[in-house]
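New to this one? Take a moment with the picture below, then read on for a short tour.

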Amino acid sequence: VDFSGAVLTRASFAEVNLSKAYFKGATLEEANFLRSAVTGATFEAALMTKARLVEVNGQDSSFLHASLIEADFRRADLANAAFLEADLTQATFSQAIATGADFRGATLREANLQDAELRGAFFQEADLTNANFHGALVYETDVAFARGLRSVYCLKFSQLPTQKSAPRSPQWNC
């Protein structure tokens with residue numbers, strides 16, 4: 001199914017199978033994907049402000065360069081999803097599974113990742129200013145060169161990454 005460039009503001013896709021659907025450049029502000037299957041779907045450069053993706057199966061989905069400000073991914077399965085350079089300001093990922101997800105270069109300012117499973121996720125060069133990782137599982141998570149680490153809620157590092165020294169797996173204790 002190809003929704004490229006479509007304007008679907010406030011559309012409801014609740015409990016629909018949209019696996020491998022194509023939403024490149026679509027406007028999906030306040031769209032509802034509650035409990036939908038979006039496995040392998042493409043949301044590249046989509047405008048998804050306040051989209052509701054609660055409990056979606058979004059494994060292997062692509063959100064490259066997407067605007068996901070205040071998007072809600074609570075309890076979603078986002079294993080191996082790609083969020084490269086996406087704007088996830090104030091997005092919610094509480095209790096989501098995002099093992100192996102790629103957040104390189106993404107903006108996660110004030111994002112809520114409380115109790116999320118982020119094992120093996122990539123946050124290189126991401127903006128994590130005031131993000132909440134309380135209770136998150138972050139084993140083998142890569143935050144090299146990420147910005148805003150000193151203001152991240154519930155992170156303690158044995159060594160904070162710097163331009164000279166960027167450890168692959170800093171010590172996270174939430």
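What follows is a short report on charged pairs, one buried residue and two backbone oddities.

## Before you start

Keep in mind that this is a predicted model. The values below are computed from that model.

## Salt bridges

Side chains of opposite charge can pair when their charged atoms come close. How many salt bridges are there here? The count comes to nine salt bridges.

Let's begin with Arg35, which forms a salt bridge with Glu15. The closest N and O atoms of this pair are 3.2 Å apart, so the pair falls within the 4 Å that a salt bridge allows. Glu15 is exposed, at 55% relative accessible area, while Arg35 is partly exposed at 41%.

## A linked group

Which residues join Glu15 and Arg35 in a network of salt bridges? They are Glu55 and Arg75, so to speak the other members of the group. Glu55 will turn up again further down, as one of the contacts of Ala76.

## Two pairs with a buried Asp

Next, look at Asp72 and Arg74, which form a salt bridge with their closest N and O atoms 2.7 Å apart. Is Asp72 buried or exposed? Asp72 counts as buried because its relative accessibility is 15%, and buried means under 20%. Its partner Arg74 is partly exposed, with a relative accessible area of 28%.

Now try Arg104 and Asp102, whose side chains meet in a salt bridge at 2.6 Å, N to O. Asp102 is buried at 11% relative accessibility, whereas Arg104 is partly exposed at 38%.

## Ala76, tucked away

Ala76 has a relative accessible area of 1%, so it counts as buried. What is Ala76 in contact with, if you leave aside its neighbours within four places in sequence? The list is Leu53, Glu55, Val56, Ala96 and Ile97.

Leu53 is worth finding on the chain too. Ala76 and Leu53 are 23 residues apart along the chain, yet their C-alpha atoms are separated by 7.1 Å.

## Two positive phi angles

Finally, a look at the backbone. Lys20 is not a glycine, but it has a positive phi of about 65 degrees. Lys20 is also exposed, at 67% relative accessibility.

Phe145 is not a glycine either, and its phi is positive too, at about 65 degrees. Is Phe145 buried, exposed or partly exposed? With a relative accessible area of 32%, Phe145 is partly exposed, because that value lies in between the 20% and 50% limits.

Definitions and conventions. Residues are numbered from 1 along each chain as its sequence is written. This is a predicted model: local features need pLDDT of at least 70, side-chain atom pairs count only at pLDDT 80 or more; totals for chains, interfaces and linings use all residues. Side-chain values use heavy atoms; hydrogens and water are left out. Buried means under 20% relative accessible area, exposed over 50%, partly exposed in between (1.4 Å probe, protein chains only). Contact means heavy atoms within 4.5 Å.
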